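Me: I should like a close look at one part of the structure shown here. Please give one connected account of it, with attention to confidence.

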Amino acid sequence: MVFCPLCKAENQCAITLGHSADSCWCHDSTVLVSDNLLARVPETLKGEACICQKCVEEDSTKTGRVQQISPKRW
């Protein structure tokens, strides 16, 4: 899926764009995602759609609470 499950904007997922997973922004070791943000993804889209970088960055700025996640589709 090429759209963020939260804001519905294009998520720029390298995999869905035909590139290697290692080239995706979310596979950077500095990417941090809060439990709150992950909980907002609808159950039907978990593991099917990637949260976009803008949503991840906005959430980490708002909450200040982040955790390291393993690179994968959220």
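How many salt bridges does the count come to? Please describe the residues concerned and their surroundings.

Reply: The count comes to two salt bridges. The model is a predicted one, and the account below should be read in that light.

One salt bridge joins Lys-54 and Glu-58, with an N to O distance of 3.9 Å. This pair falls within the count because the criterion admits a side-chain nitrogen of Lys or Arg within 4 Å of a carboxyl oxygen of Asp or Glu. Both residues belong to helix α2, which covers residues 53-63, and they lie four residues apart, about one turn of the helix. Lys-54 is exposed, at 53% relative accessibility, whereas Glu-58 is partly exposed, with a relative accessible area of 36%.

The other salt bridge links Lys-46 with Glu-43, whose closest N and O atoms are 3.0 Å apart. Here Lys-46 is partly exposed, at 32% relative accessibility, while Glu-43 is exposed, with a relative accessible area of 61%.

Helix α2 also holds Cys-55. With a relative accessible area of 11%, Cys-55 is buried. Leaving aside residues up to four places away in sequence, Cys-55 touches Cys-4, Leu-6, Cys-7 and Leu-37. For Leu-6, the C-alpha atom is separated from that of Cys-55 by 7.6 Å, although the two positions lie 49 residues apart along the chain when counted as their separation in sequence.

The cysteines call for a separate remark. A search of the whole structure finds zero disulfides. The closest cysteine sulfur to that of Cys-4 is in Cys-55, at 3.8 Å, so this pair is too far apart for a bond. The sulfur of Cys-7 has its closest cysteine sulfur in Cys-52, at 3.7 Å, which is likewise too far for a bond. The cut-off behind both statements is 2.5 Å between cysteine sulfur atoms. In terms of accessibility, Cys-4 is buried, at 1%, and Cys-7 is partly exposed, at 37%.

Two residues in the segment before β1 deserve attention for their backbone angles. Lys-8, which is not a glycine, has a positive phi of about 70 degrees. Lys-8 is exposed, with a relative accessible area of 51%. Gln-12 also has a positive phi, near 60 degrees, in a residue other than glycine. Gln-12 is partly exposed, at 47% relative accessibility. Most residues other than glycine have a negative phi.

Confidence should be considered alongside these details. The mean pLDDT of the protein chain is 82, and 82% of its residues reach 70 or more. Confidence is highest in helix α1, residues 35-39, at a mean of 90. It is lowest in strand β2, residues 67-68, where the mean is 46. Over residues 66-74 the pLDDT stays under 50, and for these residues the model has 37 contacts beyond four places in sequence. Where pLDDT is low, the predicted coordinates should not be read in detail.

Conventions: Residues are numbered from 1 along each chain as its sequence is written. This is a predicted model: local features need pLDDT of at least 70, side-chain atom pairs count only at pLDDT 80 or more; totals for chains, interfaces and linings use all residues. Side-chain values use heavy atoms; hydrogens and water are left out. Buried means under 20% relative accessible area, exposed over 50%, partly exposed in between (1.4 Å probe, protein chains only). Contact means heavy atoms within 4.5 Å. pLDDT is the predictor's confidence in each residue, from 0 to 100.
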